[in-house]
Amino acid sequence: MASSAAHPTFSSRSNAFGKLPERPMTTFGTSTNQQRGDFQRAERERERIERESREREEQNQLSEEQKEEIKEAFHLFDLDKDLKIDYHELKVAMKALGFDLPKAEILSILQTHGALSEPPNPNVPHHPRLLLSFRDFQSVMTQRILARDPREEILRAFELFDEGGKGKINLNDLRRVARELGEGLEEEELAAMIEEFDMDSDGAINREEFLEICMQ
């Protein structure tokens, strides 16, 4: 039998060529962390693109008048003109657009979509507030308007005609609105509008009659 000395062990071979280099253990870990970071950045970018695409699609469903109303409400109540609104500014801006929300719901919007204010001067004590940018306000209001029952929109318009909350639109209401809008309608034309849609012949248009007119 051949002697085992004729077949040098792995250890003896490694000694013959010198000590085998040790593979650094940090290379794999660093590569994995970098790949994970690249994946997270790519995922955030994908989510951003999807969100912007969804927002554009939603805004395309609004009329130009609705888009302008959102823009006007924001800029009207952005009192310090920093293109961000706080809790109080958001509350009155949403109310102007027909959404009179409780405090908890306003705070929820700010916590979900808002960002903390930054100190104007790092040397001055600063109490951070949640602020909503115009873009986020536009997105929130677009979703709310699209989700709103069209009957609510119609009844909100009814309230603009119905001065004093009578529950009816009479000839005086039509005359006032026509004057405010600069419409030069004759008295006979206004009376004819009432007569055409006054189903119960009481000389005025009630909520149900107004809804029926607008839902046709």
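**Chat: salt bridges, ring pairs and cores**

Me: Which residue does R176 form a salt bridge with, where the closest N and O atoms are 3.5 Å apart?
Reply: That's E180. Keep in mind that this is a predicted model. R176 and E180 are four residues apart in helix 8, which puts about one helical turn between them.

Me: Is E180 buried or exposed?
Reply: Exposed, at 59% relative accessibility. R176, on the other hand, counts as buried at 11%.

Me: What about R176 and D173, how do their side chains meet?
Reply: In a salt bridge too, 3.9 Å from N to O. These two are three residues apart in helix 8, again about one helical turn. D173 is buried, with a relative accessible area of 3%.

Me: Why do residues three or four places apart in an α-helix point the same way?
Reply: An α-helix has 3.6 residues a turn, so residues at that spacing end up pointing the same way.

Me: Which residues are joined into one network by salt bridges that share partners?
Reply: D162, E163, K166, D173, R176 and E180. Across the whole structure, the search finds 10 salt bridges.

Me: Give me one from another helix. What does K67 pair with?
Reply: K67 forms a salt bridge with E64, and their closest N and O atoms are 3.4 Å apart. They're three residues apart in helix 3. K67 is partly exposed at 26% relative accessible area, while E64 is exposed at 59%.

Me: Back to helix 8 for a sec. What covers its buried residues?
Reply: The cover includes helix 7, strand 4 (168-169) and helix 9 (187-197). The buried residues in helix 8 (171-180) are D173, L174, R176, V177 and A178.

Me: And what happens at the start of helix 8?
Reply: A side-chain oxygen of N170 gets to within 3.1 Å of the backbone nitrogen of N172. After the helix comes G182, which has a positive phi, near 75°.

Me: New topic: how many aromatic pairs are there?
Reply: Four. One of them is F74 with F134, edge-to-face, at 5.1 Å centre to centre and 70° between the planes. F74 sits in helix 3 (64-77) and F134 in helix 6 (134-147), so the pair ties together parts 60 residues apart in sequence. F74 is buried at 0%, and F134 is partly exposed at 22%.

Me: What cluster do ring pairs make with F74?
Reply: They link F74, F134 and F137.

Me: Which residues touch the most other members of the largest nonpolar core?
Reply: L90, M94, F137 and M141, out of 21 residues. Helix 3, helix 4 (87-96), helix 5 (103-113) and helix 6 each give two or more residues to this core. M141 is in contact with I70, M94, L97 and F99, leaving aside its neighbours within four places in sequence.

Me: Which residues does the second, separate core include?
Reply: It has 10 residues, among them I154, F158, I205 and F210.

Me: Last one. D78 is buried, but how far away is the nearest side chain of opposite charge?
Reply: That's K81, at 5.7 Å, and D78 has no salt bridge. A salt bridge needs the nitrogen within 4 Å of a carboxyl oxygen.

Me: What does the side chain of D78 have 2.8 Å away, then?
Reply: A polar atom of the D78 side chain lies 2.8 Å from the backbone nitrogen of L83. D78 itself is in the loop between helix 3 and strand 1 (84-85).

Notes. Residues numbered from 1 in each chain as written. Predicted model: local features only at pLDDT ≥ 70, side-chain atom pairs only at ≥ 80, totals over all residues. Heavy atoms only, no water. Phe/Tyr/Trp six-rings, centres within 6.5 Å; stacked < 30°, edge-to-face > 60°. Buried < 20%, exposed > 50% of the residue type's maximum accessible area, 1.4 Å probe, protein only. Lys, Arg positive; Asp, Glu negative; His and termini not counted. Polar contact = N/O pair within 3.5 Å; in protein donor to acceptor, adjacent residues only side chain to side chain. Contact = heavy atoms within 4.5 Å. Core = buried A, V, L, I, M, F, W, Y, C linked by side-chain atoms within 4.5 Å.
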